[in-house]
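Here are a few friendly notes to read alongside the model. Please keep the structure open as you go through the points.

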Amino acid sequence: MTNVPTRRRFIGISAAAAGLALLPIGTALAQPADGEVVVWRGTALGAVATLRIHHRNRCAAERLAAHAVAEVRRLEALFSLYRDDSALAALNRRGVLEAPPPELVALIEACRRFHTLTAGAFDPTVQPLWELYIRHFAQETAAPDGPPADRLAETLHRVGLQHVMADRNRIAFARPGMALTLNGIAQGWITDRVVTLLRAGGIASSLVDMGEARAFGQRPDGTAWRAGIADPHAAGQLIETVALDDCAVATSGGYGLRFDAAGRFDHLIDPRTGRSPRRYDSLSVVAPDATTADALSTGFSCLGAAEIRRIRQEAGATTVLATSGAETLRL
């Protein structure tokens, strides 16, 4: 199994008890006027991870931090491509997994919904294509036009979520050599799980950022949380900020990982063609939950503007913002 870098570089969770001033992600150097801050740093699903919880009661914050970290670690042991002992790694090695974890089955079923909504543009079975491009461009004499047509066609034969059977008893691939990557949805799904955990722990208003940001409740001043969308052409700059009023935002862009020096082939691969679509420099989706925002930002990256507009409402997205060169498009 190839350890493929993820497009995410930062995972953070910032949460506060109701009524306590809460700092958004990105202003960590400033300190809250009151309350305790519990910080945990590590890695999760191949990305640098930071957990920050702001709370008046430090003991309560530490308990929430420990609970959240334990849940992220538990889910990482199921979904990670980077751990040989994960349930996903075992499935990819064997092509079958008996008595699978229910969370893995649930996530595959979520994938199936977005696969249908996007007419196949979102498809977690693209992992063989990732591995094909990594192997090709690892060669010193790699052809700049990418893998040979026959190799691409053979690999595409192993792509297609319709060839994955999943129920509570068994997950199985119908074709040899298939493999899943959940990098296009797992961070969003885990973000939603953490939000559920924080709410159960008594948090009434929070911003959770795990590469995909989700907010619930309002800031203590009664205004909505806001998230900045990064400019893919200028590090540290924003193209726009969006209000997160009980919703989530996720961004996908080919700039996150490029297989070749010229940048013609990146980690966003159209599962229908096996090629990087390169339609947009980045694409952001605002949706009611992080799972939806994450999956749609991946799938929509392979679709044209007319297709996105046609399925956006049905898919549950409230806003789609794309950049192409110097142009910003609201789809």
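1. A residue counts as exposed here when its relative accessible area is over 50%, as buried when the value is under 20%, and as partly exposed in between. Please bear in mind that this is a predicted model.

2. Let's start with Ala99, which lies in the loop between β4 (96–98) and α3 (102–117). Ala99 is exposed, because its relative accessible area is 62%. Its backbone deserves a look too: Ala99 has a positive phi of about 45° although it is not a glycine. Most residues other than glycine have a negative phi.

3. Asp246 also has a positive phi, of about 55°, and is not a glycine. You will find Asp246 in the loop between β10 (238–244) and β11 (248–252). With a relative accessible area of 41%, Asp246 is partly exposed.

4. Now for the cysteines. Cys247 is buried at 10% relative accessible area, and Cys302 is buried at 3%. Searching the whole structure turns up zero disulfides.

5. How are the three strands of the open sheet ordered? The order is β4-β6-β5, with antiparallel pairing. β4 and β5 (164–166) are at the edges with a single partner strand each, so one side of each has no neighbour in the sheet. On average, neighbouring strands here are turned by 5° against each other, direction ignored.

6. Helix α2 (residues 87–94) packs on this sheet and touches β4 and β6, its direction making about 125° with that of β4. α3 packs on the sheet as well, touching β4, β5 and β6, and its direction makes about 130° with that of β5.

Note on methods: Residues are numbered from 1 along each chain as its sequence is written. This is a predicted model: local features need pLDDT of at least 70, side-chain atom pairs count only at pLDDT 80 or more; totals for chains, interfaces and linings use all residues. Side-chain values use heavy atoms; hydrogens and water are left out. A disulfide is a pair of cysteine sulfur atoms within 2.5 Å. Buried means under 20% relative accessible area, exposed over 50%, partly exposed in between (1.4 Å probe, protein chains only). Helices (H or I, at least four residues) and strands (E, at least two) are DSSP runs, numbered from the N terminus. Two strands pair if DSSP finds at least two bridges between them. Axes are lines fitted to C-alpha atoms, for helices over the stretch in contact, and angles run from 0 to 180 degrees between N-to-C directions. Contact means heavy atoms within 4.5 Å.
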